[in-house]
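Below are my notes on the model, in numbered points. They take up one strand and its neighbours, then the empty spaces, then the two DNA strands.

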Number of protein chains: 2
Amino acid sequence: MSVYKKISIAVIKRLPRYYRYLSDLLKLGITRISSKELSIRMGITASQIRQDLNCFGGFGQQGYGYNVEYLHNEIGNILGVNDKFGYIIIGAGNMGQALANYTNFEKRGFILKGVFDVSSDLIGQKINGHEVIDLNNLETFLKSNKVDIAMLCVPYDQTPIVADRVARLGIKGLWNFSPMDLKIPHDVIIENVHLSDSLMVLGYKLNEKLKNSQ
Amino acid sequence: MSVYKKISIAVIKRLPRYYRYLSDLLKLGITRISSKELSIRMGITASQIRQDLNCFGGFGQQGYGYNVEYLHNEIGNILGVNDKFGYIIIGAGNMGQALANYTNFEKRGFILKGVFDVSSDLIGQKINGHEVIDLNNLETFLKSNKVDIAMLCVPYDQTPIVADRVARLGIKGLWNFSPMDLKIPHDVIIENVHLSDSLMVLGYKLNEKLKNSQ
DNA sequence: TAGATTGTTAATCGATTAACAATC
DNA sequence: TAGATTGTTAATCGATTAACAATC
């Protein structure tokens, strides 16, 4: 086994943010940046930036800082933006349609392969160039299409059922939009987007602010 | 000033999750639970549960555990589910419409007051019982409606402009769906939902798994 | 009462920040 | 070269876990 240093999830979660800031710098035509300058822009410490980056390698140069384009590429590689994951969307309601129209995902290496639903009102309709497919045809579809990720935008009670079904069909990653913690007994990576959790945290913070300003 | 212990954001972020699990227990008709039993269900330590809860008060009873309904209510109060925040949605595209149809928010104390857009195709259309209002009428609307939170579902380049505008109109909280970190110079609480960041973390984890299984 | 389980203090672990030698 | 800034080690801080006395 190779010498393997486990990268903490705290670091991983900051990578997309670095990537965004570096994209912005590129657009601004800024070619080099120091950890100090970036720390001011991002509102974190320069120390943390250097520590984070050095988990993956020495991307900078003493006395100079970091080359923006190079660092942007390196972080892109770490995040796998060139790796091309295929994904499907299950559930073509508003959330599913919103995701199907997110063009940003493709820039980051995620390719939409199909959109599925059970409703005959939706099946056959075109969403962002993709005809909604009958969920009954999922098995057939997955036999002839390389799909790594399923985004689950189905009703609450359907979520665990659909999750289990796609996991058995070889899907390796799930992006879950239902307000539940999926526990499926397969070797699948799950990333939850708990919107109402996020909103409740906002509500808590608002209440705190109101209390303190009284 | 009162003796005030600052609650860490790590604890706050776990509260909605406790709330969900307790709701589930209630639905299952379970009336009491120990930190041990809950820890198994949630996949965290019993110690952490007790520590978290004791930031806010002693909700349990030695030898017995926690009364599910009581604890559910207490956490609900901490999160302010009875406090009734008014919110508006700005941008009635797919994401805005998806949010307008989320009935869960109301159960948690968030009341939809209005949906806004600039597109004449959308203005006047009904979404979940709310007629889409011309964004030009925002100022007038806010004069006669108590609104605490704005959910921003507008295009990338419009986001900071709209954020600034609503902040000046007295909105206290922003729920931001654009892939940028809002920096507005007002006393406003911002909660970001960076969907592509979340997806990229999923992509990273998938790559790691593939590497390790080779 | 005896058993169970909390509330809370103490120990450990991990993440962030500070400091500085290395070096461009 | 002198100045700037990284890479990296050490110190600090905060969060999680363990332990146990208190008590229902």
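1. Strand 4 of chain A runs parallel to strand 8 (residues 149–152) of chain A, and 4 bridges join the two. Within this pairing, Y87(A) stands opposite I149(A) of strand 8. Strand 4 of chain A is also joined to strand 5 (residues 110–117) of chain A, by 6 bridges, and these two run parallel as well. Here I89(A) has V115(A) as its bridge partner. Note that the model is predicted.

2. Is strand 4 of chain A buried or exposed? Of its 6 residues (85–90), 6 are buried, so the strand is largely enclosed by the rest of the structure. The side chains point in two directions: F85(A), Y87(A) and I89(A) go one way, while G86(A), I88(A) and I90(A) go the other, and all are buried.

3. K107(B) offers a contrasting case. This residue sits in helix 6 (residues 104–107) of chain B and is exposed, with a relative accessible area of 61%. Along the chain, K107(B) and I30(B) are 77 residues apart, and their C-alpha atoms are separated by 21 Å.

4. On enclosed space, the structure has 1 cavity of 30 Å³ or more. The volume of the largest cavity is about 30 Å³. Its lining draws on both chains: F177(A), S178(A), P179(A), V193(A), H194(A), L195(A) and S196(A) come from chain A, and Y102(B) and N104(B) from chain B. By class, the lining of this cavity has 5 nonpolar, 4 polar and no charged residues.

5. Turning to open space, the largest pocket holds about 1900 Å³. Its lining comprises 45 residues, and those nearest the centre are K13(A), N192(A), K13(B), E191(B) and N192(B). In each of chains A and B, helix 1 (9–27), strand 10 (189–192) and helix 9 (195–212) supply at least two residues of this lining. Which element gives the most to the lining of the largest pocket? It is helix 1 of chain B, with 6 residues. The classes are 20 nonpolar, 9 polar and 16 charged.

6. The second largest pocket has a volume of about 1100 Å³. It is lined by 42 residues, with P155(A), Y156(A), S178(A), P179(A) and N104(B) closest to its centre. Two or more residues of the lining come from each of helix 5 (94–100), strand 5 and helix 8 (159–168) of chain A, and from helix 1 and helix 6 of chain B. Helix 1 of chain B has the largest share, 7 residues. The lining divides into 23 nonpolar, 10 polar and 9 charged residues. S178(A), P179(A) and N104(B), named here, are also among the residues that line the largest cavity.

7. DNA strand C is surrounded by 24 residues, the closest being S47(A), Q51(A), S35(B), R50(B) and Q51(B). Of the atoms of this DNA strand that come within 4 Å of the protein, 57% are sugar and phosphate. Helix 3 (46–53) of chain A, together with helix 3 (46–53), strand 2 (60–61) and strand 3 (65–67) of chain B, each supply at least two residues of the surface near DNA strand C. Helix 3 of chain A gives the most, with 4 residues. The residues of this surface are 3 nonpolar, 18 polar and 3 charged.

8. Some individual contacts to DNA strand C can be listed. A side-chain N or O atom of Y66(B) is 2.9 Å from a phosphate oxygen. A backbone N or O atom of G63(B) lies 3.0 Å from a sugar or linking oxygen, and a polar side-chain atom of Q61(A) lies 3.3 Å from a sugar or linking oxygen.

9. Around DNA strand D there are 24 residues, of which S35(A), R50(A), Q51(A), S47(B) and Q51(B) come nearest. Sugar or phosphate makes up 57% of the atoms of DNA strand D within 4 Å of the protein, and bases the rest. Helix 3 of chain B has the largest share of the nearby surface, 4 residues, and the classes are 3 nonpolar, 18 polar and 3 charged.

10. For DNA strand D, what does a polar side-chain atom of Q51(A) lie 2.8 Å from? The partner is a base oxygen. Phosphate oxygens of DNA strand D are approached by side-chain N or O atoms of N54(A), at 3.1 Å, and of T45(B), at 3.1 Å.

Key:
Residues are numbered from 1 along each chain as its sequence is written. Chains are lettered from A and ligands numbered from 1 in the order in which they are written. This is a predicted model: local features need pLDDT of at least 70, side-chain atom pairs count only at pLDDT 80 or more; totals for chains, interfaces and linings use all residues. Side-chain values use heavy atoms; hydrogens and water are left out. A residue is near a molecule or strand if one of its heavy atoms lies within 4 Å of it. A polar contact is a pair of N or O atoms within 3.5 Å; within protein, one must be able to donate a hydrogen and the other to accept it, and residues adjacent in sequence count only if both atoms are side-chain atoms. Ala, Val, Leu, Ile, Met, Phe, Trp, Tyr, Cys and Pro count as nonpolar, Asp, Glu, Lys and Arg as charged, and the others, Gly among them, as polar. Buried means under 20% relative accessible area, exposed over 50%, partly exposed in between (1.4 Å probe, protein chains only). Two strands pair if DSSP finds at least two bridges between them. On a 1 Å grid over the protein atoms alone, a cavity is a set of points where a 1.4 Å probe fits but cannot get out, and a pocket is an open set with protein on both sides within 12 Å along at least five of seven lines; lining residues have an atom within 4 Å of a point. Grid points are joined across faces, edges and corners, and a volume is the space filled by probe spheres set on the points.
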